[in-house]
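Dear colleague,

I am handing over the structure we spoke about, and it is placed just below so that you can have it open while you read. After it I have set out what was found, going from one part to the next.

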Amino acid sequence: VQLQASGGGLVQPGGSLRLSCAASGSSRDISAMKWFRQAPGKQRDWVATITSSHWANYADSVKGRFTIFRDNAKNTVSLQMDSLKPEDTAVYYCQFVTAYAVYWGQGTLVTVSS
């Protein structure tokens with residue numbers, strides 16, 4: 001399974017971006033889809049999770065501003081990011097979890113700056 005993340009870019013504070021991540025290859029029984037982010041010089045932090053039943057959970061730092069979606073038929077996950085702040089600047093990574101393995105995408109850079 002390979003994950004391809006897209007949608008990153010440069011946005012002004014207060015703006016919005018939508019990230020997407022799609023799986024290719026054999027990708028059955030994905031239980032959880034997640035987003036993480038890693039700011040320069042910092043550890044990779046969890047951002048959001050959505051389960052196969054569409055239950056979602058968010059880090060406190062993004063709650064109320066970010067929304068995670070998934071399409072089970074297409075094995076894709078998206079992250080709608082609104083009211084972006086400079087501290088949201090990071091490389092964002094998607095992760096898919098199955099009963100047998102964990103898969104990571106290559107990361108997409110989000111820069112929030114005026």
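What follows is a description of the strands, the disulfide, the salt bridges and one threonine.

Please keep in mind throughout that this is a predicted model.

**The open sheet**

Four strands make up an open sheet, and read across it their order is S1-S3-S8-S7, with antiparallel pairing. Strand S1, which covers 2-6, and strand S7, which covers 66-71, stand at the edges with a single partner strand each, so one side of each of them has no neighbour in the sheet. From one strand to the next the twist averages 15°. If you would like a place to begin tracing the sheet, S1 and strand S3 (residues 17-24) are paired in the antiparallel sense over five bridges, and Gln4 has Ala22 in S3 as its bridge partner.

**The disulfide**

Strand S3 also brings us to the cysteines, since Cys21 lies in it. How many disulfides does the count come to? The count is one disulfide, and it is formed by Cys21 and Cys94, whose sulfur atoms are 2.0 Å apart. Such a link is a covalent bond between the sulfur atoms of two cysteines. This pair joins distant parts of the chain, with Cys21 in strand S3 and Cys94 in strand S9 (residues 90-97), 73 residues apart. The link of Cys21 and Cys94 is right-handed, with 55° about the S-S bond.

Are these two cysteines buried or exposed? Cys21 has a relative accessibility of 1% and therefore counts as buried, and Cys94, with a relative accessible area of 0%, is buried as well.

**The salt bridges**

The structure holds three salt bridges. As general background, side chains of opposite charge can pair when their charged atoms come close.

Asp88 takes part in a salt bridge with Arg37, in which the closest N and O atoms are 2.9 Å apart. That pair links distant parts of the chain, because Asp88 sits in the loop between strand S8 (76-81) and S9 while Arg37 belongs to strand S4 (residues 32-38), 51 residues apart. Asp88 has a relative accessible area of 0% and is buried, and Arg37, at 12%, is buried too.The side chains of Asp88 and Arg65 meet in a salt bridge as well, at 2.7 Å from N to O. This pair, too, links distant parts of the chain, with Asp88 in the loop between S8 and S9 and Arg65 in the loop between strand S6 (56-58) and S7, 23 residues apart. Both Asp88 and Arg65 are buried. Taken together, Arg37, Arg65 and Asp88 are linked in a network of salt bridges.

Lys63 and Asp60 form a salt bridge through their side chains, with a distance of 3.2 Å from N to O. Here Lys63 is partly exposed, with a relative accessible area of 47%, whereas Asp60 is exposed, with a relative accessible area of 67%.

**Thr108 and strand S11**

The last part concerns Thr108, which is found in strand S11 (residues 108-112). Thr108 has a relative accessible area of 11%, and since buried means under 20%, the residue is counted as buried.

Which residues does Thr108 touch, leaving aside those up to four places away in sequence? They are Ala5, Ser6, Gly7, Gly8, Leu19, Ala90, Val91 and Tyr92. With Gly8 there is also a polar contact, in which the side chain of Thr108 reaches the backbone nitrogen of Gly8 at 3.1 Å.

In a regular strand the side chains alternate between the two faces of the sheet. In S11 the covered face holds Thr108, Val110 and Val112, while Leu109 and Thr111 are on the uncovered one.

Strand S11 pairs with strand S2 (residues 9-11) in the parallel sense over three bridges, and there Gly9 stands opposite Val110. S11 also pairs with S9, in the antiparallel sense and over three bridges, and in that pairing Val91 stands opposite Leu109. Strand S9, you may recall, is the one in which Cys94 of the disulfide lies.

With kind regards

Definitions and conventions
Residues numbered from 1 in each chain as written. Predicted model: local features only at pLDDT ≥ 70, side-chain atom pairs only at ≥ 80, totals over all residues. Heavy atoms only, no water. Pairing = 2+ DSSP bridges. Helix = DSSP H or I, 4+ residues; strand = E, 2+ residues; numbered from the N terminus. Axes fitted to C-alpha atoms, helices over the stretch in contact; angles between N-to-C directions. Disulfide = S-S within 2.5 Å. Buried < 20%, exposed > 50% of the residue type's maximum accessible area, 1.4 Å probe, protein only. Salt bridge = Lys/Arg side-chain N within 4 Å of Asp/Glu carboxyl O. Polar contact = N/O pair within 3.5 Å; in protein donor to acceptor, adjacent residues only side chain to side chain. Contact = heavy atoms within 4.5 Å.
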